[in-house]
Amino acid sequence: MIASKSETLYFIYGPPGSGKSTLARRLAGLLDLPFMDLDEQIQASAGMPIPAIFDREGERGFRQRERVALEAALQSGRGVVALGGGALLDPTSRSLVESAGRVLCLRAERETLFERLGQEVGTRPLLGEDAGWRERLDALLAVRAAQYHSFPLSLDTSALNPEEAARQAQLKFGAWRVSGMGAAYDVRVVQGGLDALGSMLRARGLEGPLALVSDSQVAPLYAEKVEAALKAAGYAVQRVVIPAGEEHKTLETVSHLWEAFLAARLDRRSTVLALGGGVVGDLAGFAAAVYLRGVRWVALPTTLLAMADASLGGKTGADLPQGKNLIGAFHPPALVLSDPATLSTLPEAELRSGMAEVVQHGQLADQALFARAEGGWEAMRANLDETVRRAMAVKIAFIQADPYEKNIRAALNLGHTVGHAVEVASGYRLRHGEAVAIGLRVEARLAEALGVAEAGLSGRIEACLRGLGLPTRIPEEIDREGFLRALRVDKKNAAGQVRFALPERVGAYRVGVTVEMDFSELLTI
Ligand code: NAD
């Protein structure tokens, strides 16, 4: 009996030739999960190839064997399973599979299917061996069309190579495995996922006692729900609440966390859970990095900004009065779980603020996401789940390629060099994302002035950000000296020079650009 949908069990379904096995194998590799090909399992257990099973036992016998193989896959609870093209025609099998894990149904143009299958005639029992296989495929597609179209998750593989198809499948499932900084960790986007947190921790062998760190705004909304899920899985958990707000992202708060961990008797095997926005994640992650020389932590981001950005990449830390994030450690989480359902309580201004990071990610590497952001606030708000998945995919690609920011990850500083300085100089009156929005426009203007960016880019970026209700100009009352000081002390400052990541156009950028200029000009650019 399978209790609930597992976020470690994925099924790939679709017509013959849609690429199920190839995609499932690659996806299993990317997610570090076992790969299962249901048809291969059936052949192995029957000791004969599928056409022979059809000859001897007919389709009925084959379907019987298929059901047995399917049940074994369900029991394992982990893996990426390539299903046979008719494996879910039986409603009982379908409902079993859909309640145990998630199904992606592949599609492809008829001509693509013909082309791919033309090379395999003879190995597909329902298509036969003679020249009439095309007609039989057409007939099979016609009969199954409604079923293939009835799955909520689908992917057309016609124009995708196997690598691209696997990446698209990750985007559809909201599932990644991030490596490159010590131990690898899973990232999941699951609507309502906080309710399954206990079993997710158990599935990954994470131990208690647990400390649930949250802030004074988020704890009253979600801590009880999370604690219930953890207790149901047998965990002992101690809640630790810190005051909400960037002004509390201090070493004093970190010290308070360490004391609370000691009082809760957290030992080296324990896990710290960070339930909240980027402030909670940065602080709890940093406290975990240093407590007893490092304990594990799990990120449970509840703001768009933390989902799209702060929870990924293993950067943790605290601010000093002289500047943001001047103290910190690289300490990757053991798991990141984004539950977009939590965004329903996020104040609108915070949601808008998170959109700045989404725009930045789109601007860097997902033109479709940027184009959607250009569609304005309502369009973006209408599909937050997809926004979160797309934005997370961009950040993950960067941190995978360059975990320690030696080169390409520095692209993620786009808009942040000026943004951080504006944020500090505003005395944190501006939200992080609002400051980043200003930074994105100012840096795009700078890039245009330097001839790095194509003409008109800053206007396009400004229109996009305004459409999302974000500020784009440095406020006139900003503390000028504070801005310049913060810019110079910024951690991207190397050998006395400020290094910028600058845009060239949507989808292209340059990193490590040093600029000879009077930085006070940025205040009026
Ligand atoms: P935040 O953590 O201060 O959250 C914003 C506000 O929203 C807070 O008042 C919080 O209590 C409230 N809130 C959070 N989730 C809520 C929910 N679901 N419902 C209702 N209220 C909710 O700020 P943030 O914007 O999430 O993060 C900003 C911080 O993240 C900054 O300190 C920034 O430096 C950091 N950051 C870190 C990284 C990194 O790589 N580590 C990257 C980007 C930003």
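Here is a chat between a biologist and a modeller about this predicted model.

Biologist: Let's start with the ligand. Which residues come nearest to the ligand?

Modeller: There are 27 residues around the ligand. Among the elements that each supply at least two residues of that shell are α9 (219-232) and β13 (323-330). The residues that come nearest are Asp215, Glu246, Thr302, Thr303 and Lys324.

Biologist: How far is an oxygen atom of the ligand from an N or O atom in the side chain of Thr303?

Modeller: A polar contact needs a pair of N or O atoms within 3.5 Å. Lys249 has a side-chain N or O atom 2.8 Å from a ligand oxygen, and a polar side-chain atom of Asn325 lies 3.4 Å from one. For Thr303, the distance is 2.6 Å.

Biologist: And what share of the ligand's accessible area does the protein cover?

Modeller: On its own, the ligand has 870 Å² of accessible area. The protein covers 91% of that.

Biologist: How do the residues of the shell divide into nonpolar, polar and charged?

Modeller: Helices α11 (278-290) and α12 (304-310) are among the elements that each supply at least two residues of this shell. Sorted by kind, the shell residues come out as 9 nonpolar, 9 polar and 9 charged.

Biologist: Asp215 was on your list, and that residue belongs to β8. Is strand β8 enclosed or open?

Modeller: On one side of β8 sit Leu210, Leu212 and Ser214, and on the other Ala211, Val213 and Asp215, all of them buried. Buried means under 20% relative accessible area. With 6 of its 6 residues buried, β8 is therefore largely enclosed.

Biologist: Which residue of β9 stands opposite Leu212?

Modeller: β8 pairs with strand β9 (residues 237-242) in the parallel sense, over 6 bridges. In that pairing, the residue opposite Leu212 is Arg239.

Biologist: On to the helices. Why does the span of α13 agree with what a helix should give?

Modeller: Helix α13 covers residues 348-365, so there are 18 residues to count. At 1.5 Å a residue they should span 26 Å. The end C-alpha atoms of α13 are indeed 26 Å apart.

Biologist: How many residues of α13 are buried?

Modeller: This helix is mostly covered. Out of its 18 residues, the buried count is 14.

Biologist: What residue caps the N-terminal end of α7?

Modeller: Helix α7 (residues 162-173) reaches 16 Å from its first C-alpha to its last, close to the 16 Å expected. Its buried residues include Ala165, Leu171 and Phe173, and just after the helix Gly174 takes a positive phi of about 65°. At the N-terminal end, a side-chain oxygen lies 3.0 Å from the backbone nitrogen of Glu163, and the capping residue is Asn161.

Biologist: Is Arg441 buried or exposed?

Modeller: Arg441 is found in helix α18. In that helix 15 of the 18 residues are buried, so α18 is largely enclosed by the rest of the structure. Arg441 has 2% relative accessibility and the cut-off is under 20%, so Arg441 counts as buried.

Biologist: How far apart are the C-alpha atoms of Arg441 and Gly459?

Modeller: Along the chain, these two are 18 residues apart. Their C-alpha atoms are separated by 8.0 Å.

Biologist: Which residue with a positive phi follows α18?

Modeller: Helix α18 takes in residues 432-449, and its end C-alpha atoms are 25 Å apart where 26 Å is expected. The residue that follows has a phi near 80°, and that is Gly451.

Biologist: What does the side chain of Glu66 make a polar contact with?

Modeller: Glu66 has its place in helix α3 (residues 50-76). It is buried, with a relative accessible area of 3%. At 2.8 Å, its side chain makes a polar contact with the side chain of Arg63.

Biologist: What is the relative accessible area of Asp282?

Modeller: Asp282 lies in helix α11, and its C-alpha atom is 9.4 Å from that of Ala299, 17 residues apart along the chain. Asp282 is buried, and its relative accessible area is 11%.

Biologist: Last one, on the hairpin of β16 and β17. Which residue there takes a positive phi?

Modeller: Strands β16 (residues 497-505) and β17 (residues 508-514) run antiparallel, joined by 5 bridges, and Leu502 has Arg510 as its bridge partner. The hairpin has 2 residues between the strands. The one with a positive phi, near 95°, is Gly507.

Notes
Residues numbered from 1 in each chain as written. Predicted model: local features only at pLDDT ≥ 70, side-chain atom pairs only at ≥ 80, totals over all residues. Heavy atoms only, no water. Helix = DSSP H or I, 4+ residues; strand = E, 2+ residues; numbered from the N terminus. Expected span 1.5 Å × (residues − 1). Buried < 20%, exposed > 50% of the residue type's maximum accessible area, 1.4 Å probe, protein only. Near = heavy atom within 4 Å. Polar contact = N/O pair within 3.5 Å; in protein donor to acceptor, adjacent residues only side chain to side chain. Areas by Shrake-Rupley, 256 points an atom, 1.4 Å probe, with all protein chains shown as cover. Nonpolar A, V, L, I, M, F, W, Y, C, P; charged D, E, K, R; others polar. Pairing = 2+ DSSP bridges.
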